[in-house]
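Trainee: I'm new to this structure and would like a close look at a single part of it. Could you pick one strand pairing, start there, and then work outwards?

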Protein chains: 2
Amino acid sequence: MSKNYVNYGKCSAGKPGSTMGITGARFNLSPMSDDFIAIILDAIKQVDLSKVWAETDHISTVYRGKEEAVFDALKAAYVYAYREGVHMTLEATVSKGCPGDSDSDYTLALENPKINKEQTQNIDFPVIGKFALYPMGSDNYMGTIEKVVNEGIDRGVVTGSGHYGTNLGGSVQDVFDYLEYVSNTVGKEVSHYVSQFTLLCNVPEGEVK
Amino acid sequence: MSKNYVNYGKCSAGKPGSTMGITGARFNLSPMSDDFIAIILDAIKQVDLSKVWAETDHISTVYRGKEEAVFDALKAAYVYAYREGVHMTLEATVSKGCPGDSDSDYTLALENPKINKEQTQNIDFPVIGKFALYPMGSDNYMGTIEKVVNEGIDRGVVTGSGHYGTNLGGSVQDVFDYLEYVSNTVGKEVSHYVSQFTLLCNVPEGEVK
């Protein structure tokens, strides 16, 4: 039997595989409720996907497109899955500029990328969480991380730091605005970044910052 | 009011902040059940933590120590949280060599690092999931990723790849063995790596690879 080995020989650091500036998010919603299937599927169906390319498989969901559109759709999926009293985690990987990426599976509809904003901007609730930032193929990545973490402290949404992550807390709207700022800022400074974050709502002990 | 800004000026790529070779894992268990609190707390309490430094806060849990001990404790937390029929995600960040790390908050008990193995090796169930590998401060990271992905194909636990991740599938024991091999291999080749993975069990549609 022949095996489908991967070959990344054509990829090199600093040279994005996609020339279109595609940002993508891969994410999992985990509502800790017996009703998790209905909660996840209802939320995913409610998101207006006309400004992103989207695919849901049995492991996770991916959105690809313009950075503004990807964050808009991702926030919509999370806030639409919110149920009063239901503890839920969102785990998301947002990435841009991967040398192994390609100019496929995307939409770059240019007008009105934040198509879900009107519906989602008034759904607000407290969240806590963490994020880690991986600017790839750069020697000066700690300086880039320092800059965006300090901006988060100024905004009041970075609440501390621990091993392997920086803590987040605040309204879901403010935290998403900040995470989009992080991607936008780092994406201008390095050719390939990954932002990994986890957000929790309805935490049993309360959203202690 | 003075703000606690971060300063990473003393950190530089390629120079681990810890000189002790500490590996760490930060993780979240999300059992999608109304009983999630009992499931998580029962599992966390059952893990023998004598070979790792451990801390659980309201966001996540972290283990730090020798690589073998960290993987042993992490696998124990996951398999102890397994309940028949309960869909659950494990999201974990495993990291070693971060320039911002320090020689604190760890244990490096040298004997018998896999202290949970005897109890956990016979708890087996199918999982699916995904992982992404971030060798930091290296220009040749795609080559390192290619090598370990192809080993996973040989072992039968790497089942495909998508945007922003490589798919995993198999018995929880085989998948954890592979993830430990990945960390071990990459940790020898680069000074700082991050391995991010998500595992799912009791998937409603079945553990389709």
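Mentor: Sure, let's start in chain B, with B:L90, whose bridge partner in β8(B) is B:L199. Keep in mind that this is a predicted model. That pair belongs to the match between strand β4 (residues 88-96) of chain B and β8(B), which are antiparallel and joined by 9 bridges.

Now step across β8(B). Strand β8 covers residues 192-201 of chain B, and it also pairs with β5(B), again in the antiparallel sense and again over 9 bridges. To find that spot on screen, look for B:I128, which sits opposite B:L200 in β8(B).

So what about β5(B) itself? Strand β5 takes in residues 126-136 of chain B and is mostly covered, with 10 of its 11 residues buried. Besides β8(B), β5(B) has strand β7 (residues 165-171) of chain B as an antiparallel partner, held by 6 bridges. A handy marker there is B:V127, found opposite B:G170 in β7(B).

Zoom out, and these strands are part of an open sheet of 8 strands in chain B, ordered β2-β3-β1-β4-β8-β5-β7-β6 with antiparallel pairing. At its edges you'll find β2 (53-56) and β6 (158-162) of chain B, each of them pairing on one side only. On average, neighbouring strands in this sheet are turned by 20° against each other, if you ignore direction.

Helices lie against this sheet too. Helix α1 (residues 36-46) of chain B lies across β1 (23-31), β2 and β3 (61-65) of chain B, at about 150° to β1(B). Helix α5 (residues 172-189) of chain B packs on the sheet as well, touching β4, β5, β6, β7 and β8 of chain B, and its direction makes about 135° with that of β7(B).

Let's hop over to chain A. Chain A has 5 helices and 8 strands, and from the N terminus on its elements run β-α-β-β-α-β-α-β-α-β-β-α-β. The 8 strands make an open antiparallel sheet in the order β2-β3-β1-β4-β8-β5-β7-β6 (chain A). Its edges are β2 (53-56) and β6 (158-162) of chain A, and each has a single partner strand, so one side of each is left without a neighbour in the sheet. For β2(A), strand β3 (residues 61-65) of chain A runs antiparallel to it, with 4 bridges between them. Within that pairing, A:A54 has A:Y63 in β3(A) as its bridge partner. Helix α4 (residues 141-155) of chain A packs on this sheet, touching β5 (126-136), β6 and β7 (165-171) of chain A, and its direction makes about 160° with that of β5(A).

As for chain A as a whole, buried residues make up 57% of its 209 residues. Of the contacts in chain A with a separation of 6 or more, 81% come from residues 24 or more positions apart.

Finally, see how the chains meet. The contact takes 70 residues from chain A and 71 residues from chain B. About 5800 Å² is buried between the two chains, and carbon and sulfur atoms give 62% of that area. The interface also has 2 salt bridges. One of these brings us back to the strand where we began: B:E91 forms a salt bridge with A:K130, and their closest N and O atoms are 3.3 Å apart.

Methods. Residues numbered from 1 in each chain as written. Chains lettered and ligands numbered in written order. Predicted model: local features only at pLDDT ≥ 70, side-chain atom pairs only at ≥ 80, totals over all residues. Heavy atoms only, no water. Pairing = 2+ DSSP bridges. Helix = DSSP H or I, 4+ residues; strand = E, 2+ residues; numbered from the N terminus. Contact = heavy atoms within 4.5 Å. Axes fitted to C-alpha atoms, helices over the stretch in contact; angles between N-to-C directions. Buried < 20%, exposed > 50% of the residue type's maximum accessible area, 1.4 Å probe, protein only. Buried area = accessible area lost by both parts, 1.4 Å probe. Salt bridge = Lys/Arg side-chain N within 4 Å of Asp/Glu carboxyl O.
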